[in-house]
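Let's take a walk through a protein model together, one piece at a time. Have a look at the sequence and the structure below, and then read on.

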Amino acid sequence: MKIAVEGCMHGELDTVYATLLDLEQKENTKIDLLLCCGDFQAVRNESDLESLNVPRKYKTIGSFWKYYSGEALAPIPTIFIGGNHEASNYLWELYYGGWAAPNIYFLGFSGVVKFGNVRIGGLSGIYNRHHYHLGHYERPPYNENDIRSIYHVREYDVHKLMQVKERIDIFLSHDWPVGITDHGNKSELLRYKSYFAEEIENRTLGSKAASQLLKKLQPSYWFSAHLHCRFAALVQHGEGGPVTKFLALDKCLPRRKFLQVIEIESEPGPHKIHYDEEWLAITRELNSIIPLTRRPANLSGIQPDTEGSKTWISGKLQTRGGAEPFDFVRTVPCHNQLGSRSSSQSGCIQNPQTEALMQFLELPNLLDESKPASAVQAPTDTASACTGADVVDHNDEEIPLGDLDDCESD
């Protein structure tokens, strides 16, 4: 199986797909899967720009809307995680993961899926110690503070990943694990990014949560982005233990190292994205303690019966007839090329994929406190028609340096 990995997308889907199709033609090969390490910017319409925390000059519609509307279809199955420059309102709809567009799958705030027999895990967002222990209290429409914290990694989502026992082949994070620079060519990195020196010395470059997960999960591959440069490392887990091949990639710009193709052993294709039974079991066991306020979840002493839940889920999937994710459904109007405007989307939107997954797991949809679990309906293949969308202007906001990558210097 050949897997392409991309750093920061920043809405440049057309460019990335065109690059891969050109590569396939020139090298007479086939790319089976594309992975994106965040800053995907799944902007569906002008209203989504309100939830995108970037300087005003970077608030552009991008090309994702074409794939959301059905005007274009992703030519390669795509899996992505969130970064710190996202249409956060849309990603919140798909908190547990789901199709952001046909053939484009969001891994969720944390998640694990299978592509064929390859297990792929990921953690969305970036680490910020001030918000790490808090719950998911932010709700759209976001105020000027919440728009800057919604993408900060939370301990609860990391705790779920720490319960994974089965082997992970590939893991994605937006920011790098703290200390990863000890395992690669640090001097070469500092030639291009000299201002990293102080953070590397102080052990503040990267994510402590990601470092914790790297030590626990020990995946074969780990890919990151965020810092807009290429950096490779090899992490040996104990004497004679497994090795993790780490690679950070740049963002999609000319003459930048934003793509890498790897070849990984797999069963014969065709390959599809499937739910992972162990991850569904973990979600089922821990969903009742998801923190949805500023108060952190009480994670001490939690001993989830994942084996029992996994057996239950295996039977449910067999009855369902497969482990493919629930169907994609549009939930808002698409970007209108004519620029017409209608009423702005505001507040939380309940995505039918999320509701269907909760119904399948026989759990209440805690993200929708206004609706009892019995009211959840499974989605169909029918999508709403595309119409115009509205744009609401806001004043330019200063973004804390801790949340910025080097997009402005680019």
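A residue is called buried when its relative accessible area is under 20%, and exposed when that value is over 50%. Keep in mind as we go that this is a predicted model. Let's try the definition out on Cys37: its relative accessibility is 0%, so Cys37 counts as buried.

Cysteines invite another question. How many disulfides are there? A disulfide is a covalent bond between the sulfur atoms of two cysteines. To be counted here, the two sulfur atoms must lie within 2.5 Å. By this rule the count is 0. Cys37 is in no disulfide, and the nearest cysteine sulfur, which belongs to Cys36, is 6.4 Å away. Cys229 makes no such bond either, because the closest cysteine sulfur, in Cys8, is 10.0 Å from its own, too far for a bond. With 8% relative accessibility, Cys229 also counts as buried.

Now let's turn to the strands. Cys36 has a bridge partner in strand β3, namely Phe80. Cys36 sits in strand β2, residues 33-36, and this strand runs parallel to β3, residues 78-80, with 3 bridges joining them. Both belong to an open sheet of 6 strands, in the order β4-β5-β3-β2-β1-β12, with mixed pairing. At its edges are β4 (98-101) and β12 (259-263), each of which pairs on one side only. From one strand to the next, the twist averages 30°.

Another strand worth a visit is β8, residues 170-173. Which way do its side chains point? In a regular strand, the side chains alternate between the two faces of the sheet. In β8, Ile170 and Leu172 point one way while Phe171 and Ser173 point the other way, and all of them are buried. This strand has parallel neighbours: 4 bridges join it to β7, residues 118-123, and 3 bridges pair it with β9, residues 221-224. You can find single partners as well: Leu123 stands opposite Ser173, and Ile170 has Tyr221 in β9 as its bridge partner.

Stay with Ile170 for a moment. Leaving aside residues up to four places away in sequence, Ile170 touches Ile3, Leu35, Val118, Arg119, Ile120, Gly121, Tyr221, Phe223, Ile262 and Ile264. In soluble globular proteins, nonpolar side chains tend to be buried together. Here the largest nonpolar core has 114 residues, and Phe64, Ile104 and Ile170 have the most contacts inside it. Apart from that core lies another one, of 5 residues, including Leu49, Leu52, Val54 and Ala87.

Our last stop is a pair of helices. Two packed helices are described by the angle between their axes and the distance between the axes. The axes of α9 (residues 277-286) and α10 come within 8 Å and cross at roughly 115°, and the crossing is right-handed. Where they meet, α9 contributes residues including Leu280, Ala281, Ile282 and Glu285, while those from α10 include Thr306, Trp312, Ile313 and Leu317.

Let's finish with Thr306, which is found in helix α10, residues 306-320. Is Thr306 buried or exposed? Its relative accessibility is 6%, so Thr306 counts as buried. Not counting residues up to four places away in sequence, Thr306 touches Lys165, Ala281, Ile282 and Glu285. Among these, Ala281, Ile282 and Glu285 take part in the meeting of α9 with α10.

Key. Residues are numbered from 1 along each chain as its sequence is written. This is a predicted model: local features need pLDDT of at least 70, side-chain atom pairs count only at pLDDT 80 or more; totals for chains, interfaces and linings use all residues. Side-chain values use heavy atoms; hydrogens and water are left out. Helices (H or I, at least four residues) and strands (E, at least two) are DSSP runs, numbered from the N terminus. Buried means under 20% relative accessible area, exposed over 50%, partly exposed in between (1.4 Å probe, protein chains only). Contact means heavy atoms within 4.5 Å. A nonpolar core is a set of buried Ala, Val, Leu, Ile, Met, Phe, Trp, Tyr and Cys residues joined through side-chain atoms within 4.5 Å. Two strands pair if DSSP finds at least two bridges between them. Axes are lines fitted to C-alpha atoms, for helices over the stretch in contact, and angles run from 0 to 180 degrees between N-to-C directions. A crossing is left-handed if the near helix is turned anticlockwise from the far one by less than a right angle, and right-handed if clockwise.
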